[in-house]
Every structure is written in C-alpha cells, then in structure tokens.
Amino acid sequence: MELLKERIRKDGKVRGTDVLKVDSFLNHQMDIELFEEIGKEFARRFEDEKITKILTIEASGIGIACIAARYFHVPVVFAKKNQTKNIAGDVYTSKVESFTHGRVYDIIVSKDYLGPDDKVLIIDDFLANGAALMGLSQLVKDAGATLVGCGIVIEKGFQPGGKMLRDKGVRVESLAIVDAMSEENGVTFRD
Ligand code: 5GP
C-alpha cells in the first residue's frame with residue numbers, strides 16, 4: 001500500500017536494529033484518514049470472505065480494527081491482556097510474549113463473543129516474531145471458530161513471524177513489509 005509506505009518513509013523512526021516507531025500516525029497519535037484507507041484495503045483484500053468478526057489485541061490494534069470494521073460491517077472483539085494469575089469466568093485464554101516489553105502475559109476473550117459459527121479476521125498493527133498472532137489464533141481455535149486470515153499494517157519481514165504463520169497455512173496480508181531497516185538508512189520495503 002503505497003500511501004502507507006510513503007508515510008512510514010516520511011514519519012517512521014527506526015530505533016536500534018529492530019524497532020520501528022510510528023507514534024505520530026499509528027501508535028500514539030492516530031491519523032484516522034490513513035486508518036480509513038487501511039480499512040478499505042483490508043476490506044478489498046478479504047472481500048470474498050464472509051467475515052463475521054474482527055479480533056484484535058489491546059491496545060494498539062483496537063483503533064485500526066474499529067475503523068476497518070466500518071468496511072466489514074462486523075463487530076470488533078479485542079483480547080484483553082491480563083497480568084494477574086487469576087483468570088475468572090468463562091473465557092478463552094492463551095499466552096503471549098510481548099515483543100516490546102519482553103514479558104509474557106495472558107490474553108483473554110469471553111466465550112460470549114467468539115464461537116463455532118464465527119469466521120474471524122485478526123487485525124494488528126505490527127507483525128514481528130508472531131507471538132501476538134499465534135496467541136490470538138489459539139483463541140480462535142479454542143472457540144471452534146474459523147480463522148480466515150490476518151490483516152497486518154506493518155510486517156517486519158526480516159523477523160520470523162510472517163514466514164512461520166504462512167508456513168502453517170495462515171493467510172497473512174500485510175500492507176507494508178519492511179525487509180531491512182537501520183537508523184542510518186531508514187526502511188527498505190519489499191516491492
Ligand atoms: P510479535 O508478537 O509479532 O513479536 O510482535 C507484535 C506486537 O509487538 C505488535 O502487537 C506490536 O504492538 C508490537 N511490535 C512489534 N514490533 C514492533 C515495532 O517495531 N514497533 C512497534 N511500534 N510495535 C511493535
């Protein structure tokens with residue numbers, strides 16, 4: 001998605017070797033007109049699928065998923081991050097190792113909002129090692145729902161998550177794939 005790549009080139013900031021900061025339009029301040037274009041692009045790529053629910057993870061995925069949902073006309077469910085050991089109630093749960101914070105946390109979704117009739121599109125801001133998407137797809141599996149695919153805004157293609165998921169047969173649609181990045185030279189995109 002050229003508009004997104006241009007924006008990353010203009011406003012993205014590379015930190016160290018593997019963190020891309022996009023706080024000015026995606027992760028802190030949010031450019032809703034850009035989110036609308038992102039939502040339309042996800043809707044175009046998944047238009048042949050009868051998606052019933054969008055699943056994302058708090059916090060950064062929520063804004064993107066909500067705008068995308070306007071084009072799919074389906075509800076958004078976000079997995080909650082739960083750092084306490086006590087998981088109460090009727091929930092699906094799985095574990096995720098955070099890329100940005102390094103710690104492991106539980107994610108939960110109520111059994112009320114995901115079930116065997118659902119065809120689920122997972123949406124998230126970044127794909128790095130794939131831990132977040134693996135955790136979310138486990139919740140979909142536990143619910144007996146169908147995972148249609150994953151819509152990702154920025155995939156870091158030099159990290160293993162994308163290949164791992166595609167090798168497992170998961171359809172992953174990333175709107176910008178970064179093949180290399182450095183503080184000196186900025187980002188290089190695939191195609
Ligand atoms: P993964 O679970 O695929 O290793 O990492 C994905 C999650 O970590 C995303 O939900 C995102 O919040 C965060 N993340 C991973 N890499 C980056 C990055 O380079 N920049 C930002 N802003 N977030 C990232």
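User: At what angle do α3 and α4 pack, and how far apart are their axes?
Analyst: In this predicted model, α3 and α4 pack at an angle of about 55°, and their axes lie 8 Å apart. That angle makes α3 oblique to α4, because oblique covers angles that are not roughly parallel, antiparallel or perpendicular, the last of these running from 65 to 115 degrees.

User: And is the crossing left-handed or right-handed?
Analyst: The crossing in which α3 passes α4 is right-handed.

User: Which residues make that contact?
Analyst: From α3 the contact takes Ile32, Phe35, Glu36, Ile38, Gly39, Lys40, Phe42 and Ala43, while α4 brings Gly63, Ile64, Ile67, Ala68, Tyr71 and Phe72. Sorted by class, the contact of α3 with α4 has 10 nonpolar, 2 polar and 2 charged residues.

User: Switching to the cores, how many residues has the largest nonpolar one?
Analyst: The largest nonpolar core has 35 residues, and Leu4, Leu20 and Phe72 are those with the most contacts inside it. At least two residues of this core come from each of several elements, including the helices α1 (2–11) and α3 (32–45) and the strands β7 (119–127) and β8 (146–156).

User: Which element gives the most to this core?
Analyst: That is α4, with 6 residues.

User: Back to Leu20, what does Leu20 touch?
Analyst: Leaving aside residues up to four places away in sequence, Leu20 touches Ile8, Gly12, Lys13, Val14, Phe126, Ile154, Val178, Met181 and Val187.

User: What lies apart from the largest core?
Analyst: Another core lies apart from it, with 24 residues, among them Tyr105, Ile122, Ala145 and Ile152.

Methods. Residues are numbered from 1 along each chain as its sequence is written. This is a predicted model: local features need pLDDT of at least 70, side-chain atom pairs count only at pLDDT 80 or more; totals for chains, interfaces and linings use all residues. Side-chain values use heavy atoms; hydrogens and water are left out. A nonpolar core is a set of buried Ala, Val, Leu, Ile, Met, Phe, Trp, Tyr and Cys residues joined through side-chain atoms within 4.5 Å. Buried means under 20% relative accessible area, exposed over 50%, partly exposed in between (1.4 Å probe, protein chains only). Helices (H or I, at least four residues) and strands (E, at least two) are DSSP runs, numbered from the N terminus. Contact means heavy atoms within 4.5 Å. Axes are lines fitted to C-alpha atoms, for helices over the stretch in contact, and angles run from 0 to 180 degrees between N-to-C directions. Angles under 35 degrees count as roughly parallel, over 145 as roughly antiparallel, 65 to 115 as roughly perpendicular and the rest as oblique. A crossing is left-handed if the near helix is turned anticlockwise from the far one by less than a right angle, and right-handed if clockwise. Ala, Val, Leu, Ile, Met, Phe, Trp, Tyr, Cys and Pro count as nonpolar, Asp, Glu, Lys and Arg as charged, and the others, Gly among them, as polar.
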